[in-house]
Amino acid sequence: MSAVTRRPAAVPAFFVNQVIESYAAKSSTPISLKHMINFGNAGRNKGEKEEADKLLKGGNFLRTELPTRLSHRLRDLQELPLGVASHPRITHVYELYLEAFEQIRKFPVISDMDDNDRFCQFMRTTLDKHRVVIPEMAIGIAEASPTQLPPAALDRIMLRMLRSRISRRVITEQHLALTAQFRERQRKGKARAEDETRVGIVDTKLNAADVVRKCAELIKALGGPESQVPIVIEGATERTFAYISEHLEFMLFELIKNAAHSTISAHGVEAAASHPTVVTIVHRPRDLELRVSDQGGGIPPYGGLPPDPDDLSSNPLLSPTALAAPLSAQRLDIFSFSHMRRYYQHHAALAASSSSSQNSSAIAPATTSSSTRSPSPPTVPIVEPALSSPSSSSSAAAPRGIMALHDVNELAGTVQEQLERRRQLGNDVGAGERELIDAQMRSGIGLPLSKMYAEYFSGSLDIYTIQGYGSDAFLRIPKFGTAT
C-alpha cells in the first residue's frame, strides 16, 4: 500500500487530560444478542411513535457510550512504549480515535428523528473513515521491535483494540440499521410485516447452510485454484437461529477459504474434486456448532519451523513437548499476532536482502568472492498465519502475511463487501487487480479476527490438525450470547 495520506488531526495527538481520564474511569455497558433483539422489537410492536422514541433513546445511549469505549482504547495507546506509540500508523489510529472521541461526546442531545438522522449520517462517515484501522494497527504493531513490545504485550494490545472495535461497530451498526428500517417503512407507508426477520443487523431466521453457500459463491467469484474444491454441507441444513449474519459470514468464509487453499497446496488442482471441504451443522438447545473439515495435510507448527526460543520459556503451549506431538494437536499459534509479526519481519528482511542483492548486481559484476557476496537474510522463523503452506499457484512476488495489507487501503469486514468489490471489477480481472482483491485473503489476519468474532458473544473457535491428513475447525456459537 502506498503511503497513507493523512490530514492534520483536529486535536493534538497523544495528550493526557482530565476528560479522557474521566471517561476511561467508567465501565462499558454489556450488550447481549437477546437485548439487541428485544430493544429493536419493543418499539416496532407498539407503533410508529413508540418506535421513534426507542430510536431516540438508542441514539443517545450510543452518543454517551461510544466516548467511554473510545477512551479506554486511547489510554491503551497512550501506555504503549514511546517507540511503538510514535510509529506513523499507530499515531494515525490514535488521531482517528481521538477525533471520534471529541466529536461524538460533543454531539448535541438527540431530541427528534431529524437529530437522529444527522447523528446516523455522522456515524456512517465515522465508520467509513475507520476502515483503515485494522491494516494500520496490524502493520504498525508488526513493525514494532520485540524488545519494545514483547509477544505477550503485542497480543494483549491487539486483542483489546480489535475486540473493542468489533463491539463499537456492532452497537453503532445496530442503531443505523434500526433507523434505516424505520425510515423505509415510513417511506413505503406500511407497518412492520409479520415475516420481517431482520431486527437491525440481527437476522432472527438465519440459516447457516445459506451462509455456507454464500461463502462458496465468493470463492467461486474470486476464481483461482481454490474455486475447484467442492464444498459439501451436511447436518441441520434447514434449521434457523438468531445471529448477526455478517459475523457468521466472515468466520465461515475464512475457514472455508483456508481449507480450500490447504487442499490445493497438498493435492493440486487435478485432485481437488476428490478432496472436498465438508461443513457439518449441528443445532443444540443452547448453541450452534459448525465443523469445517479439510484433507489438506494438516497445519505444520510455525510453518514447519521452530518457534522463537523466547516463547518457549513463557508459553506452555509452545513447549518442546507440545511441538513433539506430530499426529494431532490443537493449534493456537495461528491466532497469535506476535507470530504474525515474526512472519512479517522475516519477509521484510528477505525483501530488503533481495533488493540489496539486485542493487549490488547492477553496480558490480558477479563474483564468487566471499568478500563481495550478498549477506544472507537474518534467520527469522516463518509463521504461516493461514491453515496451510503457501500455494504453489500463488504468484511468487505476492506478499503474504501482514505484508499483504500494504496492498489495501481498508479491510472488507463482510462477505458482501468482498463480493461487491469483485463484481465492480467485472469478469476481466487483470493480475494486478486480482492481487489487490486477494491481499486481504493473504494477510493472515482473518483467523484472529474470526476467533474474536466467535468470542464476542461468548462463543469459541478451535482448530485441530492431524499431520499428514487434514484439519478440523470447530466454531461454537451460543444462542443469545452476551458481549461487552
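Which side chain does the side chain of serine 471 make a polar contact with? Here are a few notes that start from that residue; please keep in mind that this is a predicted model.

1. To take the opening question straight away: the partner is the side chain of threonine 465, and the polar contact spans 3.1 Å. Serine 471 itself belongs to strand S10, which covers residues 470-478.

2. Is serine 471 buried or exposed? Its relative accessible area is 3%, so serine 471 counts as buried, the cut-off being under 20%. Leaving aside residues up to four places away in sequence, serine 471 touches Val292, Ser293, Asp294, Gly298, Ile299, Tyr464 and Thr465. Threonine 465 thus appears both in this list of neighbours and as the polar partner.

3. Helix H7 (residues 133-142) is worth a look on your screen. Ten of its ten residues are buried, so H7 is largely enclosed by the rest of the structure. The buried residues include Val133, Ile134, Met137, Ile139 and Ile141, and Glu136 is also among them, as are Pro135 and Gly140.

4. Next, a helix pair. H3 (residues 48-78) and H5 (residues 88-105) have axes that come within 9 Å and cross at roughly 150°. That angle makes H3 roughly antiparallel to H5, and the crossing is left-handed.

5. Who meets whom between these two helices? On the H3 side the contact residues include Leu62, Leu66, Leu70, Leu74 and Leu77, with Arg63 and Arg73 also taking part. H5 contributes, among others, Ile90, Val93, Tyr94, Tyr97, Phe101 and Arg105. Sorted by type, the residues of this contact are 14 nonpolar, two polar and three charged. As background for reading such lists, an α-helix has 3.6 residues a turn, so residues three or four places apart point the same way.

6. A second pair makes a nice companion. The axes of H9 (residues 208-222) and H10 (residues 245-267) come within 9 Å and cross at roughly 55°. H9 and H10 are therefore oblique to each other, and their crossing is right-handed.

7. Where H9 and H10 meet, H9 supplies Ala208, Val211, Val212, Lys214, Cys215, Leu218, Ile219 and Leu222. Facing them in H10 are Leu248, Glu249, Leu252, Phe253, Ile256 and Lys257. This contact divides into eleven nonpolar residues, no polar ones and three charged.

Key:
Residues numbered from 1 in each chain as written. Predicted model: local features only at pLDDT ≥ 70, side-chain atom pairs only at ≥ 80, totals over all residues. Heavy atoms only, no water. Buried < 20%, exposed > 50% of the residue type's maximum accessible area, 1.4 Å probe, protein only. Helix = DSSP H or I, 4+ residues; strand = E, 2+ residues; numbered from the N terminus. Polar contact = N/O pair within 3.5 Å; in protein donor to acceptor, adjacent residues only side chain to side chain. Contact = heavy atoms within 4.5 Å. Axes fitted to C-alpha atoms, helices over the stretch in contact; angles between N-to-C directions. Parallel < 35°, antiparallel > 145°, perpendicular 65-115°, else oblique. Left-handed = near helix turned anticlockwise from the far one by under 90°. Nonpolar A, V, L, I, M, F, W, Y, C, P; charged D, E, K, R; others polar.
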